[in-house]
Amino acid sequence: MDADVIVIGGSPAGLATARKASSLGCRVLLLDKKESPGNPGHPANTFFKGMFDRAEEVVDKSYVLRELRGAKLFAPSGGTVEIISPAYFLDRPAFDRFYAQKTIDAGVEIISGVEAHNIIRKDGEMAVSTSEGVYSSPLVVVSNGIKSDLASLCGLSPIRYPQDIAWAKEAVIEADGIGEPDLFEYYLGSLAPGWKCTYSPCGENRATLGTYVRRHGTDVSAFFDRWVDKFKKLKGISDLEVLEPSVGGDPIITIPKDILADGLMLVGGTAGQSGIGYSMHAGNICGSVAADAVKKGDFSTRTLSVYRRAWNKAYRTEHWLGRIGLETLRKMDDSEIDRVMQVFEGKDMSFLTGTPLHKSVQVSMYMLRHDPLAMLNFRALLRNR
């Protein structure tokens, strides 16, 4: 066989999986359709320090373009709430190159420019059919993004609520001083149904604008264009240049479903695991379980289910509570969101810690304790589950 473990996809989760399994003694082969690291093709380029703390990773300054104090939330009427928590704007190509090199240094063989077409299980062997031929291993980990069709080809439904993927469009913008503020800005309401519009300063005259929308199809260009126009008016900018657009999907509250089978595990966006830090931590869990399976020579669903149990213990409750919070948000109109945001205005929000999803959980619980309308929406969501 070509390796003890084959990982398909050089995402942060795929790289973490491969690196962990290799560090525990496995021969690991990683296949990536990108010609080289550093071209993510996905808008994710920001994270909070709590993400990396959770993943037990140390932030390396080599891929940080800007350190920020936290985030500011905007209600549709303009009311604001600040959440102070150390945050970073990434040079995403440099980030991917950094972790690809760490993965190579850990002993993983990375083959770039190879696209996987199918995975076939036969006599205890997993054969990966690719654009460059067939590679074989007793265990395959799929981490090639939320649009992957490999899981369905293997008979798995990895995402419980695929209709709730937040489809995104984001672009770099240029304007005088646009990158100087030290807080991310998130705008809620009908401007981006079901989630948010974003403004992320990355220093001097550059920033990014993004739109993340749920249940309005995969092409959110119209929402993005509307956000650019709104942003120019909000900031009083007439001369703003939009550069380098990227698109993708965020499975923030879609909830993982079938993420493993005999000889097969899914991780990261493919498995509905959202966030750079979250998915890297999931990759570490997945890589540890893969290495244990190789050691035992047992690649059955029963053995691999340790991965699902460990992920559930770490994140399942948090993801469900996050889903409750964002589904409550989706069902509110702008006036209702304004009312709820008033609950937070002027309050000390220092109790909010951790990742964006963790923050949404804490905000949801605070909201449920202090606002009757939110409680009614919460009860309606439970009835309609």
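A residue is called buried when its relative accessible area is under 20%, exposed when that area is over 50%, and partly exposed in between, as computed with a 1.4 Å probe on protein chains only. This is a predicted model, in which local features need pLDDT of at least 70 and side-chain atom pairs count only at pLDDT 80 or more, while totals for chains, interfaces and linings use all residues. Residues are numbered from 1 along each chain as its sequence is written, and side-chain values use heavy atoms, with hydrogens and water left out.

By the first of these terms W227 is buried, with a relative accessible area of 0%, and F231 is likewise buried at 0%. Both belong to helix 5 (residues 221-235), where they are 4 residues apart, about one turn of the helix; helices are DSSP runs of H or I with at least four residues, strands are runs of E with at least two, and both are numbered from the N terminus.

W227 is also among the residues touched by T211, including W167, K196 and F224, when residues up to four places away in sequence are not counted and contact means heavy atoms within 4.5 Å. T211 itself lies in strand 14 (residues 206-214) and counts as buried at 0% relative accessibility.

K196 has its charged end over the ring of Y212, 5.4 Å from the ring's centre, and R323 lies over the face of Y161, at 3.7 Å from the ring centre; such a placement requires NZ of Lys or CZ of Arg within 6 Å of the ring centre and within 35 degrees of the ring normal.
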